[in-house]
Amino acid sequence: MRYNFEIKKEIYEKHCEGYGSDTLSKKYGLSSSRIRYMCRLVDKHGIEVIRHKYRKYSTEYKLVAINRVLTNGEVVDAVAVDLGLSHRGVLDQWIKSYIENGYNVVTKKKGRPSTRDKEKEDSRRAGEGERAPSRAAVEENHRSRILKKNVCLNSRGRKEEKEQLTEAVTELRQELKCSLAFILETINSNDSLPHLPRSDYYYWKERMDPDIKNSELMDAISAIYTANHKRYGYRRITLQLKTDGWSVNHKAVKRLMSKLKLYGVTPRAKYKSYKGDFNGTVDNKLLYKKVDTKKHRTEKSFLITSQRVLVTYR
């Protein structure tokens with residue numbers, strides 16, 4: 001959300017009055033870091049720096065700012081405040097683009113490309129012989145890929161024929177982005193391939209294991225479980241997977257472990273020879289209660305063993 005100059009000025013004034021960044025963040029909906037950065041910017045360059053205005057930065061200007069961070073080791077926030085950038089994310093974007101483009105500063109043109117430039121580009125491609133493939137050529141390419149994939153089905157293990165075809169058709173739909181009718185028509189029109197009716201496809205698709213795509217994750221879970229003497233539960237296995245670079249939720253790990261019947265085993269307790277107190281507990285002879293059943297009173301007596309005197313009080 002973009003705030004106008006008056007709201008930004010009000011935030012800065014309240015900051016000068018002593019309001020904290022967290023309090024202002026809750027009130028205005030800005031992040032605390034953004035408020036702190038804006039206040040530092042105003043302290044450095046004055047109140048007019050937060051007024052929204054379009055600025056164009058040259059390639060040399062960007063390169064100097066990037067070198068201050070990457071070469072000189074300066075902090076991004078400090079450099080952005082010193083240059084008067086509206087947000088530190090501007091400098092972050094420059095650095096990211098600089099690294100992705102082979103350490104070159106790329107200056108993009110603002111706005112959409114003009115129609116004239118697009119026509120020139122199309123005419124240049126047409127002159128060089130670059131033409132978009134026709135629909136017939138695309139369909140022919142898809143047919144060849146479909147047939148090639150289904151010819152190699154026998155090497156997929158000891159699965160039923162319909163199940164193998166269903167897996168292959170599902171993969172082809174994702175790879176080629178074409179309709180199911182086109183794929184089934186291509187398969188059923190070839191006599192050398194087993195046919196797959198549409199109803200059979202949906203039947204076997206419902207029976208397919210949805211965790212086929214998680215086979216690598218399941219192998220990783222089994223390896224961690226075995227390497228840690230079968231003592232890790234789903235929580236510690238999730239932490240280990242994230243350490244190894246997997247992006248996975250603990251609920252998915254718990255579900256897959258239940259499917260694989262992997263449960264954390266509690267180690268057997270060590271032997272302890274103590275069996276408890278067989279002689280019973282010793283009565284407290286210093287303090288005991290005596291109940292008078294006739295008068296319904298409780299008398300407390302203290303026994304002083306050293307003097308052998310019994311003191312009774314009510």
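Colleague: Why is Arg 145 called partly exposed?

Modeller: In this predicted model, Arg 145 has a relative accessible area of 39%. Partly exposed covers the range between under 20%, which is buried, and over 50%, which is exposed, so Arg 145 counts as partly exposed. Glu 175 is also partly exposed, with 43%.

Colleague: What makes Glu 175 and Arg 145 a salt bridge?

Modeller: Their closest N and O atoms are 3.6 Å apart. The cut-off is 4 Å, so Glu 175 and Arg 145 form a salt bridge. This pair links distant parts of the chain, with Glu 175 in helix H9, Arg 145 in helix H8 and their positions 30 residues apart.

Colleague: Happy with that! How do you know that Arg 255 and Asp 211 form a salt bridge?

Modeller: Here the closest N and O atoms are 2.9 Å apart, and the limit is 4 Å, so the pair qualifies. Arg 255 lies in helix H14, while Asp 211 is in the loop between helix H11 and helix H12.

Colleague: Is Asp 211 buried or exposed?

Modeller: Buried: Asp 211 has 6% relative accessibility, and the cut-off is under 20%. Its partner Arg 255, at 41%, is partly exposed.

Colleague: What about Asp 82 and Arg 68: what makes them a salt bridge?

Modeller: The N to O distance is 3.0 Å, and the definition asks for within 4 Å, so their side chains meet in a salt bridge. Asp 82 sits in helix H5 and Arg 68 in helix H4, 14 residues apart. Arg 68 is buried because its 17% is under 20%, whereas Asp 82 is partly exposed at 33%. The structure holds seven salt bridges.

Colleague: Now the rings. How many aromatic pairs are there, and why is the pair of Tyr 57 and Tyr 61 called stacked?

Modeller: A search of the whole structure finds four aromatic pairs. The ring centres of Tyr 57 and Tyr 61 are 5.4 Å apart, with planes at 25 degrees. Pairing needs centres within 6.5 Å, and stacked needs planes under 30 degrees apart, so this pair is stacked.

Colleague: And why is the pair of Tyr 201 and Tyr 202 called edge-to-face?

Modeller: Their planes are at 70 degrees and their centres 5.2 Å apart. Over 60 degrees counts as edge-to-face, so that label applies. Tyr 201 is buried at 0%, while Tyr 202 is partly exposed at 36%.

Colleague: One more: which residues form one aromatic cluster?

Modeller: Tyr 57, Tyr 61 and Trp 94.

Methods:
Residues are numbered from 1 along each chain as its sequence is written. This is a predicted model: local features need pLDDT of at least 70, side-chain atom pairs count only at pLDDT 80 or more; totals for chains, interfaces and linings use all residues. Side-chain values use heavy atoms; hydrogens and water are left out. Helices (H or I, at least four residues) and strands (E, at least two) are DSSP runs, numbered from the N terminus. Buried means under 20% relative accessible area, exposed over 50%, partly exposed in between (1.4 Å probe, protein chains only). Rings of Phe, Tyr and Trp (its six-membered ring) pair if their centres lie within 6.5 Å; planes under 30 degrees apart count as stacked, over 60 as edge-to-face and the rest as tilted.
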